Amino acid sequence: MKGPLFYSKILLFGEYGIIKDSKGLSIPYNFFKGALKVSENPDQEAIASNNNLINFAKYLEEIQDQGVVQFDLQKLNADIASGMYFDSSIPQGYGVGSSGALVAAIYDKYAEDKITVLENLTRNKLLKLKEIFGLMESFFHGSSSGLDPLNSYLSLPILIHSKDNIEPAGIPSQSTAHKKGAVFLLDSGIVGETAPMVSIFMESMKQEGFRNMLKNQFVKYTDACVDDFLKGDVKSLFSNIKELSHVVLDNFKPMIPKQFHTLWKQGIDTNDYYLKLCGSGGGGYILGFTQDFDKAQASLKDYKLEVVYNF
């Protein structure tokens, strides 16, 4: 048995800000993917994933009482008992939605009266899916917006206007011919944990100064970046990303691994590239934006870079 593939995602803009109703833009990233599988000879990873699914199924049974979503738990438990696991190339703790893809796969296969990708996705249906996915993914993160699984499930770019206003988005099509600019992933080589980063953020939110910075700088530049990106206004986009990168370096230091503080500043000073958080930070991938990928690669020659999108 092998189920359909679900892809990883990248939140280009909006990490932390979407908690406070900034705009956000999330895109599927097909480089990493996962599917539900049963194997005759499971390896250690498959066994660990199967154990994880046993606990997840218990959690899904608990949340059914809330009446938001119902699952065919008999079928799910039978499949888990026969050794089902989530076979995934999506790295965990890297900010690219490993738990989101799993949640999407489980919903797709076991939810009753599920909202399918093929029907007319009204705003209400999208919000309903987001609510269901947020509830399901909370098992992994303590709390979840539901956007990662939504992205994985729909395999479409999603534009977040605010908590209760989301829509599928068309992003400017990319051709690699004669395009020097790129969005790229930089591998920090460190596994990040979402929950501790979110609790640092929530603790900071108790300070008025931090809340003001978030509203007047972080959200302002995030919203501008989303608008510029969707319009394809590269010149304005890079001036806003530079500001955003600066704001993050000044105010989100705990979320940036220490050994990257200098590299982060170097990008802002040289304009060769600008870095920003990918997901909650603390490790995993760091997102980079550059108008000249060759130049960025030369500056960051000690690191592994993956291009996600070309300008």
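**A tour from helix α5 to the cysteines**

Start with helix α5, residues 147-154: eight of its eight residues are buried, so the helix is largely enclosed by the rest of the structure. This is a predicted model. Show the side chains of L147, D148, P149, L150, N151, S152, Y153 and L154; these are the buried residues of α5. "Buried" here means under 20% relative accessible area.

Now ask which elements cover the buried residues of α5. Colour β1 (6-13), β2, α3 (98-110), α4 (123-141), β4 and β5; the cover includes these elements. Then step to S155, which follows α5. Its phi is positive, near 55°.

**Strands β2, β4 and β5**

Select residues 158-162. This is strand β4, and four of its five residues are buried, so β4 too is largely enclosed by the rest of the structure. Which strands pair with β4? Add residues 24-37, strand β2. β2 and β4 pair in the antiparallel sense over three bridges. To see one contact point, pick L25 and L159: L159 in β4 is the bridge partner of L25.

Next add residues 165-168, strand β5. The pairing of β4 with β5 is antiparallel and runs over four bridges. Pick I160, then I166 in β5, which stands opposite. Follow the chain between the two strands: a hairpin of two residues joins β4 to β5.

**The four-stranded sheet**

Move to the open sheet. Its four strands run in the order β7-β8-β6-β9, with antiparallel pairing. Highlight β7 (274-277) and β9 (305-310). They stand at the edges, each with a single partner strand, so one side of each has no neighbour in the sheet. Turn the view along the sheet: the twist averages 30° from one strand to the next.

Zoom in on strand β6, residues 182-187. β6 and β9 pair in the antiparallel sense over five bridges. F184 is a good residue to pick here; V307 in β9 stands opposite.

Now bring in the helices. Helix α8, residues 234-251, packs on the sheet and touches β7 and β8 (285-290). The direction of α8 makes about 55° with that of β7. Helix α9, residues 261-270, also packs on the sheet, touching β6, β7 and β8. For α9, the angle with the direction of β7 is about 135°.

**The nonpolar core**

Nonpolar side chains tend to be buried together in soluble globular proteins. Where is that seen here? Select L12, F13, L60, I106, Y107, M136 and F252. Of the 102 residues in the largest nonpolar core, these touch the most other members. Helix α7, residues 208-231, gives the most to this core, with nine residues.

Centre on F13. Leaving aside its neighbours within four places in sequence, F13 is in contact with residues including K23, G24 and L25. Its contacts also include T222, C225, V226 and F229. Others among them are L237, I241, L244, K276 and F289.

**The cysteines**

C225, in that contact list, leads to the last stop. How many disulfides does a search of the whole structure find? Zero. For C225, the nearest cysteine sulfur is that of C278, 15 Å away. A disulfide would need the two sulfur atoms within 2.5 Å. Look at how each cysteine sits. C225 is buried, with a relative accessible area of 0%. C278 is in no disulfide, and is buried, with a relative accessible area of 2%.

Terms used:
Residues numbered from 1 in each chain as written. Predicted model: local features only at pLDDT ≥ 70, side-chain atom pairs only at ≥ 80, totals over all residues. Heavy atoms only, no water. Buried < 20%, exposed > 50% of the residue type's maximum accessible area, 1.4 Å probe, protein only. Pairing = 2+ DSSP bridges. Axes fitted to C-alpha atoms, helices over the stretch in contact; angles between N-to-C directions. Contact = heavy atoms within 4.5 Å. Core = buried A, V, L, I, M, F, W, Y, C linked by side-chain atoms within 4.5 Å.
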